[in-house]
Amino acid sequence: MSTDTNCNRAGLSKLDYTGKPTTLCKGCGHDSITAGIIQAYYELGVAPHNLAKFSGIGCSSKTPTYFVDRAHGFNTVHGRMPSVATGASVANKKLTIIGVSGDGDTASIGMGQFCHLVRRNVNMVYIIENNGTYGLTKGQFSATADLGSTAKKGPANQFPTIDCCSIAIELGATFVARSFSGDRKQVIALVKAAHAHQGIALLDIISPCVTFNNQEGSTKSYSFVKEHAIPLHELGFVQFQDEITVDMKEGERKEIKLHDGSLLTLRKLDREYDPTDKMKALTAINDSRQKQELITGLLYYSDKGTDLNTLLNTVESPLWALGEKDLDPGPEALKKINASLS
Amino acid sequence: MATGQSIVNNLSIRVATINGTGSQSANNLLFKSLFRMGIGVCAKNLFPSNIQGLPTWFQIRVSEQGYQDLREFDDLAVLMNAETAKDDIATMRPGTTIFYNSSIIKFTEDQIKPGMSIYAIPIEELSKGITETKLRHLLKNLFYVGALSHLYEIEIEVMKSVIQDTFKGKQSAIDANVAALQIGIDYAKANFTKTDKFLFKRANCNEGKIIVEGNTASALGAIYGGCTVVAWYPITPSSSLAETCESYMKKLRVDKDGKAKFAVIQAEDELASIGMVLGASWAGARAMTATAGPGISLMHEFIGLAYYSEIPAVIFDVQRVGPSTGLPTRTQQCDIISCALASHGDTKHILLFPASPTECFEMGAEAFDLADRMQTPIFVMTDLDLGMNAWVDNAFEYKAPNFDRGKVLSAEDLNKVKDWGRYLDSDGDGICYRTLPGTDHMKGAYFTRGSGHDEYARYTESPVVYTRNMDRLLKKWHTSKKYLPKPVLKGDINSKVGIIAYGTSDHAVVETMDRLTTTSLKYLRVRAYPFIQEVEEFIKSCDVVYIVEQNRDGQLQQLLEIDLPGIQHKLRPIRYYGGFPLSADIVERELTKHMGR
């Protein structure tokens with residue numbers, strides 16, 4: 001470990017986790033999330049070269065260029081990043097994978113792939129930068145816009161909203177969280193915990209669009225979210241390499257042990273919430289929507305899932321690294337095949 | 001029976017049944033028994049898009065040369081489907097031998113044509129002799145096999161060996177099949193007097209040959225070619241390619257601890273299949289998908305991404321009749337343009353045209369080298385006829401692999417390279433160097449995108465940079481020519497009349513050439529797109545070139561006209577697109593008609 005106080009456990013500075021300058025609108029919530037991702041990976045000491053960044057198409061999907069320049073990145077096609085990330089994960093299970101998507105990219109054009117990514121439990125962090133609008137094409141409603149919410153040009157959304165967190169829980173996701181781009185501390189804690197989780201970890205982060213969805217009447221504007229966001233817990237994340245001596249009051253906290261041994265501590269705020277109870281999680285999400293509130297924090301967690309690569313039971317070595325010696329069945333096998341075909 | 005008057009090992013049999021009634025295994029027994037007697041034989045399954053209850057036909061063609069193309073007319077028909085019997089007999093020519101299920105089919109005098117030899121088998125009455133009542137409806141198909149084997153002398157011991165191999169160790173099933181076969185033999189013995197001249201005699205056509213479907217050959221090619229990731233979505237006629245691949249991988253690619261050296265994922269649709277392939281290839285694995293025309297249509301967007309961002313991929317397109325759902329269980333060569341120019345924007349791809357299981361195996365492996373070398377999708381253009389029919393072809397030959405992984409820089413390589421850009425053409429052949437995610441080097445990473453990018457993979461909308469990049473991609477496409485399989489030239493090289501064909505059309509063309517012995521013809525079988533120099537030279541050396549293909553619009557001909565300007569006036573189309581495998585009968589008729597003009 002480096003003794004330099006500006007370096008993390010990997011001996012890298014925060015600069016090693018930065019990316020290209022953002023080209024998003026000034027004040028965009030997405031940039032706050034990007035900053036959170038950079039901070040989280042820096043604090044975790046993730047090896048930049050071992051990270052693979054994925055995105056679809058849209059404002060959110062531009063963001064992987066804004067963090068960890070030293071990682072390979074792939075800006076794929078609209079709504080279909082999940083399949084590309086799945087392929088990469090299967091080809092090299094040693095990669096640390098993060099996908100950044102938006103609400104249009106996930107809940108409209110990408111709904112199918114999103115559902116199947118969750119079902120397959122691909123080992124990755126999947127962030128939805130959710131603003132309920134299409135920013136890059138100038139302000140059309142997305143499928144996560146709330147019923148009755150108004151767009152910049154005036155009309156109210158006539159269709160029910162799709163809640164990606166509820167859907168993910170229904171489909172068997174084992175790490176589902178919701179946050180708000182303005183809550184940097186929570187975003188960082190959730191990204192770190194999601195990273196430690198084995199399997200799909202979904203972070204639905206409400207990220208108001210300053211240009212097209214920040215008007216009075218929108219339920220994803222800054223003012224609305226700030227007034228209506230109710231954090232379920234205060235989150236603390238302790239990486240398993242650290243000595244666990246964090247100051248937490250007994251009796252008011254719940255510790256969740258993640259796959260790599262890290263601890264995610266939930267500090268009780270205003271009410272009891274058990275993130276390991278699936279039905280309660282779904283009820284809480286539903287109730288909050290009825291009350292036009294936004295609950296944030298770790299909504300659901302389970303350590304029972306089996307991720308795709310474990311299911312496929314692949315060898316330790318990344319598949320790409322296997323050569324002729326491993327892959328060629330040889331002449332004897334072919335002889336036997338020929339004999340069976342006559 | 002005097003052999004001198006017999007027609008030995010030369011006839012075409014058509015069996016008309018209802019699908020899902022067990023006729024397939026009866027027909028395979030007939031086909032495999034003839035194969036094991038060393039007789040040149042070919043099987044074509046002409047089946048409906050249905051699981052049970054619709055008419056289906058199976059052709060078994062026997063010839064001394066072992067031709068593998070369909071015959072337009074048959075010498076012998078086995079009519080078991082009452083619903084189609086009248087139409088079936090109407091399509092038969094005078095002199096045809098007819099076997100039919102007389103329990104359910106009645107022919108009137110006027111339906112019987114002159115010279116027909118008629119054998120009536122009361123299948124339903126005979127089926128009462130099958131003791132396993134539950135299996136009756138399946139086993140009764142063996143009666144016609146038994147009757148044919150008795151009349152035309154198919155060796156019973158050979159037939160028993162096929163049954164034994166089919167039902168490996170399941171003695172009760174073996175016994176039931178042999179008993180049903182015997183009922184047919186006994187009935188023929190007691191009731192039929194032979195009135196036609198057909199006869200099977202042991203021959204020596206099948207030394208070193210196997211019976212294999214093209215899809216199996218493609219799957220094995222992929223495995224021997226080092227494929228590790230398969231992502232696919234079920235679609236006729238490609239499903240068996242992916243399924244066979246998985247089942248062989250489970251046998252051939254598991255290490256001693258039971259861990260898999262492969263991953264097969266059945267995706268939620270074709271878009272996801274190709275997405276997974278691109279993700280896996282981007283991360284460095286050899287990845288493939290198998291699909292048919294509708295799947296290709298769905299993949300177009302991703303294929304454009306792969307072309308523009310330069311990601312390897314192997315796509316097996318087992319072509320079927322389009323457009324739309326079309327005739328999903330019938331064959332065509334109708335995705336040539338759709339694949340050659342797949343996606344929006346200016347795109348040009350690389351296609352391989354296997355004509356036989358042997359080539360499915362060879363090109364199936366070669367496609368992965370090409371994909372890695374060229375960093376672009378490679379399409380292996382098979383079709384339903386090749387993919388799903390059982391072909392008699394040479395046994396697979398082992399070639400020790402030496403994978404060409406193309407231009408990939410490791411961390412060590414990066415230390416030696418002065419100036420690396422993902423899209424920098426430092427060798428001048430249009431192919432650039434890539435790195436794989438996970439490469440532990442300060443400068444090892446780059447950003448992949450389907451939007452405009454410069455030599456260093458940076459976002460750009462510069463017209464100059466964009467144009468330069470597109471020109472380089474075209475150069476790369478031309479570079480591929482030196483890695484592609486060469487065309488095959490046959491016939492009289494001095495002839496001024498040429499034929500060009502590709503894929504499964506080959507068999508009908510070769511047989512046509514055999515028949516037209518007095519006509520001077522030469523024939524070039526194209527095996528890849530883009531067209532290499534030899535194709536252009538061939539056309540230039542001819543006055544007239546007949547382009548034989550199985551589609552309406554002359555898709556390969558269109559590509560020839562686009563890519564080789566100035567040759568258009570020489571090209572004459574010979575096209576068949578009815579959906580059955582191409583027959584030499586059609587090619588000969590069309591060619592003779594054209595040349596007679």
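**Exercise 1. Salt bridges across the contact**

Determine how many salt bridges the count between chain A and chain B gives in this predicted model, and describe one of them.

*Solution.* Step 1. Between chain A and chain B, the count is three salt bridges.

Step 2. A salt bridge requires a side-chain nitrogen of Lys or Arg within 4 Å of a carboxyl oxygen of Asp or Glu. The side chains of A:Arg120 and B:Glu268 meet in such a bridge, at 2.8 Å from N to O.

Step 3. Polar contacts are counted separately: 22 residue pairs, both at pLDDT 80 or more, are in polar contact between chain A and chain B.

**Exercise 2. The extent and make-up of the contact**

State how many residues each chain brings to the contact, what area is buried, and which element of chain A gives the most to the side that touches chain B.

*Solution.* Step 1. Chain A contributes 53 residues and chain B contributes 65 residues.

Step 2. The size of an interface is often expressed as the accessible area lost when the parts come together. Here the area buried between chain A and chain B is about 5,000 Å², and carbon and sulfur atoms give 66% of that area.

Step 3. The next step returns to the polar contacts, of which the count between the two chains is 22 residue pairs (both at pLDDT 80 or more). On the side of chain A that touches chain B, several elements each supply at least two residues, among them strand E1 (51-55), strand E2 (72-75), helix H3 (81-91) and helix H5 (111-120) of chain A. H3(A) gives the most to this side, with seven residues.

Step 4. Sorted by class, this side of chain A has 24 nonpolar, 21 polar and eight charged residues.

**Exercise 3. A sheet built from both chains**

Identify which strand of chain B pairs with E2(A) and in which sense, parallel or antiparallel; then place this pair in its sheet.

*Solution.* Step 1. E2(A) pairs with strand E17 (residues 447-449) of chain B; the sense is parallel, over three bridges. Within this pairing, A:Phe74 stands opposite B:Thr448 in E17(B).

Step 2. The sheet is open and consists of nine strands in the order E9(A)-E13(A)-E7(A)-E8(A)-E4(A)-E3(A)-E1(A)-E2(A)-E17(B), with mixed pairing. Its edge strands are strand E9 (229-231) of chain A and E17 of chain B, each of which pairs on one side only.

Step 3. On average, neighbouring strands of this sheet are turned by 20° against each other, direction ignored.

Step 4. Two helices of chain A may now be added. H3(A) packs on the sheet and touches E1, E2, strand E3 (96-102) and strand E4 (124-130) of chain A, its direction making about 175° with that of E3(A). Helix H7 (residues 184-196) of chain A also packs on the sheet, touching E3, E4, E7, E8 and strand E13 (294-301) of chain A; the direction of H7(A) makes about 160° with that of E7(A).

**Exercise 4. Two neighbouring strands of chain A**

Describe how strands E7 and E8 of chain A pair, and explain what the salt bridge between A:Asp204 and A:Arg178 ties together.

*Solution.* Step 1. Strand E7 (residues 175-180) and strand E8 (residues 200-206) of chain A pair in the parallel sense over five bridges. A:Phe180 has A:Ile206 in E8(A) as its bridge partner.

Step 2. In the salt bridge of A:Asp204 with A:Arg178, the closest N and O atoms are 2.8 Å apart. A:Asp204 lies in E8 of chain A and A:Arg178 in E7 of chain A, so the pair ties together parts that are 26 residues apart in sequence.

**Exercise 5. A sheet within chain B**

Give the order of strands in the six-stranded sheet of chain B, and explain why one side of each edge strand has no neighbour in the sheet.

*Solution.* Step 1. The six strands form an open sheet in the order E3-E4-E2-E5-E6-E7 (chain B), and the pairing is mixed.

Step 2. Strand E3 (41-46) and strand E7 (117-121) of chain B stand at the edges with a single partner strand each, so one side of each is left without a neighbour in the sheet. From one strand to the next, the twist averages 15°.

Step 3. E3(B) runs antiparallel to strand E4 (residues 55-62) of chain B, and six bridges join them. The bridge partner of B:Lys44 in E4(B) is B:Gln59.

Step 4. Helix H1 (residues 23-36) of chain B lies across strand E2 (11-18), E3 and E4 of chain B, at about 5° to E4(B).

Conventions:
Residues are numbered from 1 along each chain as its sequence is written. Chains are lettered from A and ligands numbered from 1 in the order in which they are written. This is a predicted model: local features need pLDDT of at least 70, side-chain atom pairs count only at pLDDT 80 or more; totals for chains, interfaces and linings use all residues. Side-chain values use heavy atoms; hydrogens and water are left out. Contact means heavy atoms within 4.5 Å. Buried area is the accessible area (1.4 Å probe) that two parts lose on being put together, summed over both. A polar contact is a pair of N or O atoms within 3.5 Å; within protein, one must be able to donate a hydrogen and the other to accept it, and residues adjacent in sequence count only if both atoms are side-chain atoms. Helices (H or I, at least four residues) and strands (E, at least two) are DSSP runs, numbered from the N terminus. Ala, Val, Leu, Ile, Met, Phe, Trp, Tyr, Cys and Pro count as nonpolar, Asp, Glu, Lys and Arg as charged, and the others, Gly among them, as polar. Two strands pair if DSSP finds at least two bridges between them. Axes are lines fitted to C-alpha atoms, for helices over the stretch in contact, and angles run from 0 to 180 degrees between N-to-C directions.
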